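Hello,

Here is the structure I promised to pass on. Please open it first, then read my notes below with the model on your screen.

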Amino acid sequence: MNTRTRTFLATALVLGIAAGPAGPALASAPGAAAITPAHSAPDGEALTAAIAGLPDASATAALVRISGSDGRWRGSSGVHDLTSGHRADPDARFRAGSVTKVFTAATVLQLAAEKKVDLDRPVRAYLPDLIPAAYEKVTVRQLLNHTSGLPSPDFPGMTVEEWYANRFHVFSPREMVAEATAKKRLFPAGTQQHYTNIGYTVAGLLIERVSGHRYENEVTRRILKPLALHGTSFPGTDPRIHGPHNRGYQRMTLDDGSTGLRDVSVWGTTDGWAAGDLISTTADLERFTKALFSGRVVRGPLLDEMFTLPDDSVRDHSTGRPAAFSVGLTSWRLGGRQIWGKSGGRWGYNSGIGGTRDLSRTLVYSVNSTNAKGQDTNQTVMNLIVATFGKPAAG
């Protein structure tokens, strides 16, 4: 997710964290799914309204799960696809985007617990053939909390239309890292924070080097299988979402020159890899969030890394605001509470996980956004965030 999207409601919700649930069944747009909760949850009317009326201009479907000691709620709305108008499948798989980073960070922290990785050791010590001397001071922790100063590689496109034309291009993680590290650093390591994918691309290669296994296999062995996340997978070079899924649409210029929605469900994600290629379900991501926050994925002091921000001297490189990213997660104040989580965006799909650290409330969503990587936060996502956790702190 780029810097522009971290403006949430103009400031505070930096990565548009998790989403909200749905409420009692109510009338919605023709062809849209009824909203059907399992149990009551906080402010059901607001949550119902947050995803009512889909499909609309901002989204075609929404899947939501809310859990915790203060209530549980399940909801869905919208359509499986615009052609048939069939109801959205609440158990559908979707592209989770940068939520992938949480799985990557957790895997590195497990390796650290096994003394195979030292968070304070320079990355170059593990990948001397890939990380040049210009970046010799960048540590593993700095990769994971976005304070490395690594710039992004160049990609073949700036607009959604250009990206669409290259949607089947296969990107090499090593080539992306080589291109990025050939550039001048954005800032000295550890002095500022700048959210990018490249640090997690390096982290994926670090996992492979240290474990001796492919990144996808190592995360599957350590996290997906133990937690029985059967709907979660890594697509590799396959551009399709296999299994039940709701179609994703993106607003763009069409072949006839008009502006409209194009089905973008089939789209390669190798540019994201360990930073953003995961496919999952809301049920799986809810199970993962609970396991992670409760210490069943990462344990002890290393789990604290995920709930610890850089010190106050570290500011966002673009905005000058205080650092908001920890190792794998994002933090913000909503409704007077500190919320931790992660959002993700791939063309046609926005997703998010999050909650309070004590698990009194957790939230997972998938919203089939029609402008998933646009400058503004998706309206449905924004409504869900506020309905679930409350408004952001002022200032």
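W332 has a bridge partner in strand 10: I339. Keep in mind throughout that this model is predicted.

That pair belongs to a wider pairing. Strand 9 and strand 10 (residues 337-346) are joined by five bridges and run antiparallel. Together the two strands form a hairpin, with two residues between them. Look at G335 in the turn. The phi of G335 is positive, about 55°.

Is strand 9 enclosed or open? Strand 9 covers residues 330-334, and four of its five residues are buried, so the rest of the structure largely encloses it.

Now stay with strand 10 and find R346, which lies in this strand. R346 has a relative accessible area of 5%. The cut-off for buried is under 20%, so R346 counts as buried.

What does the side chain of R346 meet? It makes a polar contact of 3.0 Å with the side chain of D271. A polar atom of the R346 side chain also lies 3.4 Å from the backbone oxygen of G268. Both D271 and G268 appear in the list of residues that R346 contacts beyond its sequence neighbours within four places. That list also includes R95, G97, T269, G272 and K373.

Next, the nonpolar cores. Which residues touch the most other members of the largest one? They are F103, I223 and F288, in a core of 63 residues. Helix 2 (residues 100-113) gives this core its largest share, eight residues. There is also a second, separate core of 20 residues. W332 and I339, the bridge partners from the start, are among its members. W73 and V367 are in this second core too. As background, nonpolar side chains tend to be buried together in soluble globular proteins.

Take I223 as a place to zoom in. Leaving aside neighbours within four places in sequence, I223 is in contact with F103, A106, T107, Q110, L229, F288 and V297.

Last stop: S84. Where is it? S84 sits in the loop between strand 2 (73-78) and strand 3 (94-97). Its relative accessibility is 36%, so S84 counts as partly exposed. A polar atom of the S84 side chain lies 3.2 Å from the backbone nitrogen of H86.

Set S84 beside R346 when you look again. S84 is partly exposed, whereas R346 is buried.

Best wishes

Note on methods
Residues numbered from 1 in each chain as written. Predicted model: local features only at pLDDT ≥ 70, side-chain atom pairs only at ≥ 80, totals over all residues. Heavy atoms only, no water. Buried < 20%, exposed > 50% of the residue type's maximum accessible area, 1.4 Å probe, protein only. Polar contact = N/O pair within 3.5 Å; in protein donor to acceptor, adjacent residues only side chain to side chain. Pairing = 2+ DSSP bridges. Core = buried A, V, L, I, M, F, W, Y, C linked by side-chain atoms within 4.5 Å. Contact = heavy atoms within 4.5 Å.
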